[in-house]
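Hello,

Here is the structure I promised to pass on to you. Have a look at it first, and then read on for a short tour of what turned up in it.

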Amino acid sequence: MSRILLPIVFLAVFASVAILRAADQATVADPKQFGRIAQPGVFPDQWINGTDCETNPFGQVHAYNEDLYIIRQSKCDSYEAPFLYLIFGKDAALLLDTGSFGFWPVAQIVKEVYDDWTERNGVGRIPLIVAHTHSHGDHTYGDFKFRGIPNVFVIPPTLAAVIQFWGFEDYPNDQTQIDLGGRVLDVLGTPGHEPTSISVYDRRTQLLLSGDIVYPGHLFIFSQNHWADFKASIKRMWDFTKENPVEWVVGCHIEMGADPFESYKYTTVEQPNEHTLQFRPKILKKILEAANGQGVEPSCEIFDEFVIHPVYQCGITWNG
Ligand SMILES: [Zn+2]
């Protein structure tokens, strides 16, 4: 997309979605309350995990509840097997990430959920915003499948576009809000794994979507000068949970087993004993303590539910 077209698309999105930025409006739309979840949800007992490539579908669509969907790309299609999040408000839908390289028909999978939801809710063709937790290829590869579809707006995975679209004034230190229509999301800048990373908090379900900075697996750090950002972002997220009720922290991959310290090597396809996708928010404190314990220079180390993995020290397929 050209630089000239970009603001036009943003204008179109802003105009049709009526994104609210004012904190007071946001508070009215969805009060934050500890001890009460406006719309709870459930996780599946097990995700498709690469152990049955004969029968596994390309993607597993899971309704966390009737207005929020978690979609996992099959390990058999891409060993990355990322998780995508599709969130509906009455004025717009948000898809976070488009998946990895592979053959899965991600746009078709999303369209089926979108068609079903919009029909069920009688809202017409609300805009679909396609944005990203961060710019890595296993989260953005499928973007091209969404481009050119009417009413679908793909936000480019660049820092400038991320800052402009979400409305950051001091990325990553400030927080922004977006209202999808009766559904407010708070957006945090969380670089460290990658410099355009965000985490998204959904007030309605109290899920904190953490991208690749927190998940049960290899927390990859690609450069020494990202380490301070990583620690600051984890602290930012942990501090956020003190002010905001977080039920679960959910990331974009699973690379740990259910048993403590059971780590699957990066690129593993068959993961028969996967850890849950979801963490309780105290995982942030555990990661922060682990990271602070390593000091100014991170080292490759397997912890019970995650791996601190500075790639530039031990290589990407290191596993203990
Ligand atoms: Zn990544």
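**Helix H3 and its surroundings**

Let me start just past the end of a helix: H3 is followed by glycine 122, whose phi is positive, near 60°. Please keep in mind throughout that this is a predicted model.

Helix H3 itself covers residues 106-121. Its 16 residues should span 22 Å at 1.5 Å a residue, and the end C-alpha atoms are 23 Å apart, which agrees. Which residues of H3 are buried? They are Val106, Ala107, Ile109, Val110 and Tyr114. These buried residues cover an arc of only 160° around the axis, which puts them on the same side of H3. The general rule behind such a pattern is that an α-helix has 3.6 residues a turn, so residues three or four places apart point the same way. On the other side of H3 you will find Gln108, Glu112, Asp115, Glu119 and Arg120, which are exposed. The cover over the buried residues of H3 includes strands S1 (59-65), S2 (68-73), S3, S4 (93-96) and S5 (128-131).

**The whole chain and its core**

Stepping back, the protein chain has eight helices and 15 strands. Of its 320 residues, 48% count as buried. Among contacts between residues at least 6 apart in sequence, 64% join residues at least 24 apart.

The largest nonpolar core holds 75 residues, and those touching the most other members are Leu86, Ala93, Leu94, Leu95, Val130 and Val249. Strand S3 (residues 83-88) gives this core its largest share, six residues.

Two leucines are worth a closer look. Leaving aside neighbours within four places in sequence, leucine 94 is in contact with Ile87, Ile129, Ala131 and Leu180. The other, leucine 96, has its place in strand S4. Is leucine 96 buried or exposed? Leucine 96 has 21 other C-beta atoms within 10 Å, and 20 or more make a residue buried, so leucine 96 is buried. With neighbours within four places again left out, leucine 96 is in contact with Leu84, Tyr85, Ala131, His132, Thr133, Val200 and Leu209. Take threonine 133 from that list: threonine 133 and leucine 96 are 37 residues apart along the chain, while their C-alpha atoms are separated by 6.3 Å.

**Helix H7**

Further along the chain, helix H7 takes up residues 282-294. For its 13 residues, 1.5 Å a residue gives an expected span of 18 Å; the end C-alpha atoms are 19 Å apart, which agrees. Ile283, Leu284 and Ile287 are the buried residues of H7. Seen down the axis, they fall within an arc of 100°, so they line one face of the helix. Lys282, Asn292 and Gly293 are exposed on the other side of H7. What do the buried residues of H7 pack against? Their partners are helix H6 (227-243), strand S12 (248-251) and strand S13 (278-279). After H7 comes glycine 295, with a positive phi near 85°.

**A three-strand sheet**

Finally, have a look at the open sheet formed by three strands in the order S11-S15-S14, where the pairing is mixed. S11 and S14 are the edge strands, each pairing on one side only.

How does the mixed pairing come about? Strand S11 (residues 218-221) pairs with S15 in the parallel sense over four bridges, whereas strand S14 (residues 301-302) pairs with S15 in the antiparallel sense over two bridges. If you want to find these pairings on screen, leucine 219 has isoleucine 308 of S15 as its bridge partner, and isoleucine 302 stands opposite valine 307 in S15. A hairpin through four residues joins S14 to S15.

Strand S15 (residues 307-310) is covered on both faces. Val307 and His309 are buried on one side, and Ile308 and Pro310 are buried on the other. As a general point, in a regular strand the side chains alternate between the two faces of the sheet.

Enjoy exploring it, and do write back with any questions.

Best wishes

Key. Residues are numbered from 1 along each chain as its sequence is written. This is a predicted model: local features need pLDDT of at least 70, side-chain atom pairs count only at pLDDT 80 or more; totals for chains, interfaces and linings use all residues. The expected span of a helix is 1.5 Å times one less than its number of residues. A residue is buried if 20 or more other C-beta atoms lie within 10 Å of its own, exposed if 12 or fewer, and partly exposed in between; C-beta atoms are placed from the backbone. The arc is that of the directions from the helix axis to the C-beta atoms. Two residues are in contact if their C-beta atoms, placed from the backbone, lie within 7 Å. A nonpolar core is a set of buried Ala, Val, Leu, Ile, Met, Phe, Trp, Tyr and Cys residues joined through C-beta atoms within 7 Å. Two strands pair if DSSP finds at least two bridges between them.
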